[in-house]
Amino acid sequence: MNGNTITIAEIVKKYRKEFPATESLFIDFDGCVIETRVNSTALLAYLKNYFKEFLIEDAEAEILITAHECLPIDLGIKYVVKQPDAGKTKIKNEHADLADGRVVYKSLTGMIFAFGHGENIAIGPCIENSNQVINFINNRFIEYKLNQGCLLGHAAGVLKNGRGIGIAGFSGMGKSTLALHLMSKGTTFISNDRVMIEDNDSEITVYGVAKQPRINPGTALNNPDLIHVVAENDKKKFMALPKAELWNLEHKYDALIDECYGKNKFILRAPMCGLVILNWQRNENETVIKIVDPMKRKDLLPAFMKESGLFYLPDSPDKIKDPDINTYATILSKTTLIEISGGVDFDRVADACLKFMKLGTL
């Protein structure tokens, strides 16, 4: 264990005693109830607002998380550095596998997340890094579903007429932008960036994650339902930028679904009748929309496949290795795989998706 002798149980015992978390919220993730206890009224209020569409009254919880607002701490642990993803340079995550679980250290923020054997704890400047606390809560649900046998997908998801679709795409293709275009046309939101898919004999069930969309200025300024999330003094500045620069800005806004599209427009489970993969380019070519066979177009599947990552601990040895491309191809053969190539045309593709969710054809 890299010479580390401390355990998750000892970490939990020490910091729950040192920074008692006495206030709770209960979140219902499609039948998986997670109780989150905190020691900060401000953090509690933020989490309640963020997860308000999924809150329930006190209930028997499947999973308990405690989050402890405090200054960054040093556990005296020797960590392994996780190298940045391709194209990135900043080291953000370090981790250590202990005898009874894993500790993930966020080196840029000082946040610590420890989990394993039913224990889950977040320690550090939680309010300042509330987005990381939210991700930790959502990752507990992702782990829960993966341990039930689901596959993890890198996709958004929407539903209409009882028919759900996933929306995946290679980097920068605009899956969230397309999903929000569809929301403006009357769909219900399932997920923004991660889905879990479950093989149910002749069909696939898709599970979403209660992560609100984080959008860039280009997405917000080109959608009347979202434009209000951009501060007035920023709108003029952003709209003066060249189009390519606007779409590539590293500036994100939270777009809460209920505030942008109304109540009861966010669910976490649906039949996945189709998977749209964006494989287009920002040029003047005509957009091409076609149904393809996942067994013959495995080159598209990496756009959807997602590694389980540091925040997943498998509950059995056979789940240590992530599913391979053939496993994904086999399951996706039970839905309709739609490739979008050629030039970018969000309105045309949104209309095609709506037709598919209504009629089952393009």
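**A guided tour of the predicted model**

Begin by selecting G218, which touches L246 and W247 once residues up to four places away in sequence are set aside. The structure on screen is a predicted model. G218 has its place in helix α5, residues 217-221. With a relative accessibility of 0%, G218 counts as buried, since buried means under 20%. Now add K290 to the selection: G218 and K290 are 72 residues apart in sequence, and their C-alpha atoms are 27 Å apart in space.

**Helices α4 and α10**

Select α4, residues 175-183. Nine of its nine residues are buried, so α4 is largely enclosed by the rest of the structure. The buried residues are K175, S176, T177, L178, A179, L180, H181, L182 and M183.

Next, show helix α10, residues 346-359. At 1.5 Å a residue, its 14 residues should span 20 Å, and the C-alpha atoms at its ends are 20 Å apart, which agrees. Colour the buried residues of α10, namely F346, V349, A350, A352, C353, L354, F356 and M357. The elements that cover these buried residues include β11 (156-160), β12 (163-169), α4, β18 (269-278), β19 (288-292) and β20 (336-341).

Keep both helices in view and look at how they pass one another. The axes of α4 and α10 come within 10 Å and cross at roughly 65°, and this crossing is right-handed. On the α4 side, select T177, L178, H181 and L182; they meet F346, D347, V349, A350, C353, L354 and M357 in α10. Sorted by class, the contact of α4 with α10 comprises eight nonpolar, two polar and one charged residues. Several residues of this contact also belong to the buried set of α10, among them F346, V349 and A350.

**Helices α2 and α3**

Move to helix α2 (residues 41-50) and helix α3 (residues 130-146), whose axes come within 11 Å and cross at roughly 55°. The two helices are therefore oblique to each other. Their crossing is right-handed. To display the contact, select L43, Y46, L47 and Y50 of α2 together with S130, V133, I134 and I137 of α3. By class, this contact has seven nonpolar residues, one polar residue and no charged residues.

**Loops between strands**

Select D30, in the loop between β1 (23-29) and β2 (32-38). Although D30 is not a glycine, it has a positive phi of about 50°. At 34% relative accessibility, D30 counts as partly exposed.

Go on to N161, in the loop between β11 and β12. N161 likewise is not a glycine, and has a positive phi of about 60°. The strands on either side of this loop, β11 and β12, are among the elements that cover the buried residues of α10.

Finish at A61, which is found in the loop between β3 (55-56) and β4 (63-69). Its relative accessibility is 29%, so A61 counts as partly exposed. Which residues does A61 contact, leaving aside its neighbours within four places in sequence? They are V33, I34 and E35. Add T36 as well: the C-alpha atoms of A61 and T36 are separated by 9.5 Å, with the two residues 25 apart along the chain.

Definitions and conventions: Residues are numbered from 1 along each chain as its sequence is written. This is a predicted model: local features need pLDDT of at least 70, side-chain atom pairs count only at pLDDT 80 or more; totals for chains, interfaces and linings use all residues. Side-chain values use heavy atoms; hydrogens and water are left out. Axes are lines fitted to C-alpha atoms, for helices over the stretch in contact, and angles run from 0 to 180 degrees between N-to-C directions. Helices (H or I, at least four residues) and strands (E, at least two) are DSSP runs, numbered from the N terminus. Angles under 35 degrees count as roughly parallel, over 145 as roughly antiparallel, 65 to 115 as roughly perpendicular and the rest as oblique. A crossing is left-handed if the near helix is turned anticlockwise from the far one by less than a right angle, and right-handed if clockwise. Contact means heavy atoms within 4.5 Å. Ala, Val, Leu, Ile, Met, Phe, Trp, Tyr, Cys and Pro count as nonpolar, Asp, Glu, Lys and Arg as charged, and the others, Gly among them, as polar. The expected span of a helix is 1.5 Å times one less than its number of residues. Buried means under 20% relative accessible area, exposed over 50%, partly exposed in between (1.4 Å probe, protein chains only).
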